[in-house]
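Good morning, colleagues. I should like to take you through one structure today, beginning with how its chains are related and then turning to a single strand.

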2 protein chains.
Amino acid sequence: MNGAESLVKTLVNAGVEVCFTNPGTSEIHFVAALDRVEGMRAILGLFEGVVTGAADGYGRMAEKPAATLLHLGPGLANGGANLHNAHKANTPLVNIIGEHATYHQQYNAPLHTDIKGLAEPLSHWVDCCTSSDEIAFYGQQAVQQAMTAPGKVASLILPADVSWNENTNGPVDCPPIPRQIETVPEATIALLAQVLNEDQTTVILMTGQALSEQGLALGNQIANSCDASLCCELFSAKLARGVGRAKIERLPYFGEKVIERLASVKHLILVGCSAPVAFFAYPNAESNLVPSDCNVHTLATPEQDAIKALQDLALATHASADNIQYYAPHTPELPSGDLNMSSLATTFAALLPENAIISDEANTSGAFLFPMSQGCPKHDWLSLTGGAIGQGLPVALGAAVACPDRKVISMQADGSAMYTIQSLWTIARENLDVTVVILANRSYAILQIEFARLGAGAPGNKSKSLLDLSNPNLDFVSIAQGMGINASQASSAEEFNEQFAEAMNNHGPRLIEAIL
Amino acid sequence: MNGAESLVKTLVNAGVEVCFTNPGTSEIHFVAALDRVEGMRAILGLFEGVVTGAADGYGRMAEKPAATLLHLGPGLANGGANLHNAHKANTPLVNIIGEHATYHQQYNAPLHTDIKGLAEPLSHWVDCCTSSDEIAFYGQQAVQQAMTAPGKVASLILPADVSWNENTNGPVDCPPIPRQIETVPEATIALLAQVLNEDQTTVILMTGQALSEQGLALGNQIANSCDASLCCELFSAKLARGVGRAKIERLPYFGEKVIERLASVKHLILVGCSAPVAFFAYPNAESNLVPSDCNVHTLATPEQDAIKALQDLALATHASADNIQYYAPHTPELPSGDLNMSSLATTFAALLPENAIISDEANTSGAFLFPMSQGCPKHDWLSLTGGAIGQGLPVALGAAVACPDRKVISMQADGSAMYTIQSLWTIARENLDVTVVILANRSYAILQIEFARLGAGAPGNKSKSLLDLSNPNLDFVSIAQGMGINASQASSAEEFNEQFAEAMNNHGPRLIEAIL
């Protein structure tokens, strides 16, 4: 058994079932090992941003890692933006990067670069194995790292000769590796129960596991019982929503709105997250959005068990489950007339099927999607976590691989869609149940807004041109058909109603370009 | 005048005329400065790999840098693979990366990452400016670095507040910055003249400036006068070719072929390059391709003036210009029947116009293009320098911006085309005179070859699937039309003859998908 085979077998033993890849010459023995070892599905992306984004979407839904397989430094760089997003999402991910053979690296061949240097800013853990006899242990270690709460991007550098040389030890015979998580100390629970019993304005801010159905119910139970507010960050890796799920308020995007919301808050209790900061800096605006007289407490760090801590806090505060507020069913009427951000969101909310997974990279065009859909049948909402656009399509792809029985809907801004547009081909090849809605406003609309907010004056012709996606217009129907996807364009509410309904009622890849 | 305006004005003063960009919120003041300062053309790419690859193509042809403008760490990562290629090509390039405001970086906002850590493996020079009063000097320094022989990727990190705060010093009032180059010592010339006068098998291996019309003539003159061979690396940043240019032999791709070619060589004289090494490692194959009994000499390092060194060496060896061998005109007949690698190359050679620029990422499908076209009217040949595929289309784009009066032809393998397919939109928007020929063999053919060479056994179903681009087939005509490009498909030699002739006889963007 060679090193690559021992690695693949160990990953399978440890619970990794899928490898998203765009391999090259230095990864060929790993590719061959995928055939020789049972149990690992292999999925090709035509660009590495698809590969890493898909592994992110898979990890968020499966709550265990997929493996990637990337080709040397440039392959890693191509996948870097979506690794950054996965890193910020705390998605469990085993990121395998092929490297030249150990003895070949000294020759500075054309594809040689400092892979470790590139990987470190994008990963929680990076290591390089130089021995075929040891590679299986490194694989086990990578899965263990990925499964350590809250979830980690574990990058393993794999030289070609480590893959092709014999491993005399064989694979690690481990069981599937469970999530490693720390427990919140009792003293913390007692302290925060006391804070919640004070009669001061309090916000509980949650992310991660706390945004599961169970975590939301507990958070809502505590908040309502103690007269506090329950909030989440705007960009969550995964948020359980819809009928039967407990209510939560999402913080706004722009810093000044967050400051306004938190103005009178005296206690901020963090569950798995940091205190809110501005997404970007602006001249004469605050970066730290928490009032100076607000006390910031941590119930659970990202590394700690938020569900257990919420359970304990509910007991300590004598919070009653009777106080939980759930979203009530609300199905809007199908709209007619103009297709715009509001009517599109209405159709979306009217037709969203139960158990849907939403990959939300709608950006400015999606303003109505989230509030309109809170009364829909239960669903999960995946957001852009690290701000690096081009995440929505591959995250939808990966989520569909993790959850083949659920409808995945990618609500996708047009400008951002172009970063990883190659995702469409893999969605077609794997025949995934993904409906992509391209929200075509033909501009980088967020940048037009930011231009004004930054006080950069009136945009001149060059600025306008750089923030505009017309001349020529992108035709997403043509692009999608070119990658084997059934696609159509909608220009009115009626057309969108019909096309979206058809997509919801049928299985398989589908793209609708909504002209806004 | 704010920092961004002082930077743009300094870049313009220093000779930078074009900025390729995909900006974000942190770069908005730089975008606004492009309007307020005269003299910088602004070109939008829909993905950063397009931006950096275009700057590479521009720099190779203009022999001075374009600026890029990238959005934070993820924008840099997206542009990383083509920065790697530019780095290996020694292309002059000023790579500007926006960063969060200096005071905002401590907050670990979603887009925060270690930009310097990411930039260092991809650049020859990296610096970050933290003062609006100093940024103009940093800009001047970046251009100076880029213009230092052989050409450098100079990365300048630009925090948002450095852009928007006032610069009380104003821009640097410098003249266009010339190329900085070292001179080869006389002793080196004398020594190598002696080597060439010995009666031993000698190869002169050249790259960089030596592959210009003048450098080739000098190299050929010396080689023929001294009974040596003149060679170049397979992947050159720019090679002058065609009728009236001096002959040069290109080394093969596979290591064992290079070893065979160099087997009896006793002296290897390097002009601007390193000794040849294998592109990849293979089990039981050599990485170092130079025979152990061969003496390796350096006429000119990459930092030194190769043209002057060749002139001096020609004098020192008494080489006569009468000995220069030039390519003779040869125009093949247009082929008929099947469209295949050979007939496609025949049409290409039959119709190539004078002064064309070829961006060659044809990979395995291009085997006949290079040898068939040596008797064509004079042209320049741009290769994939760093092995990171996805370079061909943006390099063609950038070359067309640098040389608006020349026909640019992108000979592009299908798999590689998908990495930076967004280039087509910018080619359309800027109405560039670029003809893209997609060589559609619907596979990663090179990997199918490498699979066998690596001794990885017979590919199983998963391996086959990962090396194959069918199921579904990509329809490049549809994809190109979706980005505003006039496109057609050719399935026979006659169809390709007609479509390629039409493209050569008309100005503007054009794509032909050649089904091989």
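To compare the copies, they are superposed by least squares on the C-alpha atoms of residues with pLDDT of at least 70 in both. Please bear in mind throughout that this is a predicted model.

With that procedure, chain A is superposed on chain B by a rotation of 180° with 0.0 Å of shift along its axis, and the RMSD is 0.0 Å. The two copies are therefore related as by a two-fold rotation axis. Within chain A, the C-alpha nearest that axis belongs to A:I479, at 2.1 Å from it.

Through which surface do the copies meet? Of the interface residues of chain A, 99% are also interface residues in chain B, so the copies meet through the same surface.

I now turn to chain B and its strand β13, residues 357-361. Is this strand enclosed or open? Five of its five residues are buried, so β13(B) is largely enclosed by the rest of the structure. In a regular strand, side chains alternate between the two faces of the sheet. Here B:I357, B:S359 and B:E361 point one way, B:I358 and B:D360 point the other way, and all are buried.

Finally, the neighbours in the sheet. β13(B) pairs in the parallel sense with strand β14 of chain B, residues 379-383, over four bridges; in that pairing, B:S359 stands opposite B:L382. β13(B) also pairs in the parallel sense with strand β15 of chain B, residues 408-413, over five bridges, and there B:D360 stands opposite B:M411.

Definitions and conventions
Residues numbered from 1 in each chain as written. Chains lettered and ligands numbered in written order. Predicted model: local features only at pLDDT ≥ 70, side-chain atom pairs only at ≥ 80, totals over all residues. Contact = placed C-beta atoms within 7 Å. Buried ≥ 20, exposed ≤ 12 C-beta atoms within 10 Å, placed from the backbone. Helix = DSSP H or I, 4+ residues; strand = E, 2+ residues; numbered from the N terminus. Pairing = 2+ DSSP bridges.
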